[in-house]
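Please look through the sequence and the model below before reading on. The paragraphs after it are meant to be followed with the structure open beside the text.

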Amino acid sequence: MEDFLSRLKNGPVIVADGAMGTMLQAAGLPLGTSPEGWLLENPDPVVGVHRAYVEAGSELILTCTFGGTRTRLERAGLHDRVAEVNRQAAEIARQAAGEQAYVGGDIGPLGEFLKPLGKIAYEEAVDIFAEQAGALVQAGVDVLYIETMSDLNEARAAVEGAQRVANGIPVTITLSFDSHGRTNMGVKPEQAVETLLPLGVSAIGANCGATLEMTHDAIARMHETAPEAILIAKPNAGKPHLVERQVIYDATPADMAERAREFVALGARIVGGCCGSTSEHIQAIAQAIGVKQT
Ligand SMILES: [Zn+2]
């Protein structure tokens, strides 16, 4: 396969995957269980979810390591298995990707506030992110994919930690815009771009988000702020509704495909889905903008 960074720069657009949690629950992950701990004993369902996305047309799949930092693994009693969890998740993703897809080493927020709101010092956060990223790099991921950030300081720490161990692998980052066009820590899309692009990330964008409109607006404002920036759009499948105790997202595969075209027009070079997106949504996106026609 072509090197990830040159594909990102030269195109064509890369279709990413959809939700992991949503699909894993359908594959048997018990509610309230940490997916990162579960995959150590249950690799096959995780391979199955990755495969479903590759078959739907994803050319970038993310490792099941959103909660793969020491701070999050601590809650699952796995704080001393950071390297093992991340390595195994990367190997599972690689196995599913074969020569058909890139593997993004997924890095989510710490789940705790940095100082002064919380107890974690900035330098400590950098170390924690570097520990996870290092394990992902050793396992051979194609890109370090930081996502769902809200706090700009934490986002910076994640980028710094990832870059410390990246060893030439690109680092990308997306934030979640959840509240009146800002992240729930008050960060505007313009601020995110102005702070994080100069650090040398290869792409920046928005994922998750309160609504499709809010993610769309964030991408538009990022594009306006930095027209040359390579952008990432990985929104939720619309808004969640509770139907018979099940969370259902309201955007159809066709809705997501239409949004995907708009994101590409705004400079997005990686497009996928977040919460509520299934392989059907991804297939519709791939048919609208992808290379691999399924
Ligand atoms: Zn999400």
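What follows is a walk through a predicted model, going from the metal site to the pockets, then to a helix and to some details of the backbone.

A good place to begin is the zinc ion, which is coordinated by the SG atoms of C208, C274 and C275 together with OD1 of N236, at 2.2 to 2.6 Å. Written along the sequence, the spacing of these donor residues is C-x27-N-x37-C-C. Within this set, C208 and N236 link distant parts of the chain, for C208 belongs to strand β6 (residues 203-208), whereas N236 sits in the loop between β7 (231-235) and β8 (240-243), 28 residues apart. Both C208 and N236 are buried. Why is the arrangement around the zinc ion tetrahedral? It is tetrahedral because the four donor atoms subtend angles of 88 to 128 degrees, and the cut-off applied here asks that all angles for four donors lie between 85 and 135 degrees. For orientation, the ideal angle for four tetrahedral donors is 109.5 degrees.

From the metal we can turn to the open spaces of the model. The largest pocket holds about 790 Å³ of space, and its lining is made up of 35 residues, with M20, G21, P35, E36 and F66 lying nearest the centre. The elements that contribute two or more residues to this lining are α2 (21-26), α3 (35-41), α5 (70-75), β4 (143-149) and β6. Sorted by class, the lining of the largest pocket consists of 15 nonpolar, 13 polar and seven charged residues.

The second largest pocket has a volume of about 380 Å³, and among the residues that line it are T22, Q25 and A26, as well as R245, G276, T278 and H281. Two elements, α2 and β9 (246-249), each give at least two residues to this lining, and the largest share, four residues, comes from β9. Here the division by class is five nonpolar, six polar and one charged.

H281, which helps to line the second largest pocket, also leads us to helix α12 (residues 279-289), where the buried residues are H281, I282, A284, I285, A286 and I289. In an α-helix there are 3.6 residues a turn, so residues three or four places apart point the same way. The buried residues of α12 pack against β1 (14-15), α4 (43-56), α11 (253-265) and β10 (268-271).

The last features concern the backbone, and they are best read against a general background: most residues other than glycine have a negative phi, and most peptide bonds are trans. The bond from G11 to P12 is cis, with omega near -5 degrees, and P12 is placed in the loop between α1 (4-10) and β1. The bond from K115 to P116 is likewise cis, with omega near 5 degrees, and P116 lies in the loop between β3 (102-107) and α7 (122-138).

Two residues with a positive phi remain to be described. T148 has a phi of about 60 degrees although it is not a glycine, and its place is in strand β4. Is T148 buried or exposed? With a relative accessible area of 15%, T148 is buried, because the cut-off for that class is under 20%. R245, also a residue other than glycine, has a phi near 65 degrees and is found in the loop between β8 and β9. R245 counts as exposed, because its relative accessibility is 81% and the cut-off for exposed is over 50%.

Note on methods
Residues numbered from 1 in each chain as written. Predicted model: local features only at pLDDT ≥ 70, side-chain atom pairs only at ≥ 80, totals over all residues. Heavy atoms only, no water. Donors = N, O, S within 2.8 Å, 3.2 Å for Na, K, Ca; no water. Tetrahedral: all angles 85-135°; square planar, octahedral: opposite > 155°, others 65-115°. Buried < 20%, exposed > 50% of the residue type's maximum accessible area, 1.4 Å probe, protein only. 1 Å grid on protein atoms, 1.4 Å probe; cavity = no way out; pocket = protein on both sides within 12 Å on 5 of 7 lines; lining within 4 Å. Points joined across faces, edges and corners; volume = space filled by probe spheres on them. Nonpolar A, V, L, I, M, F, W, Y, C, P; charged D, E, K, R; others polar. Contact = heavy atoms within 4.5 Å.
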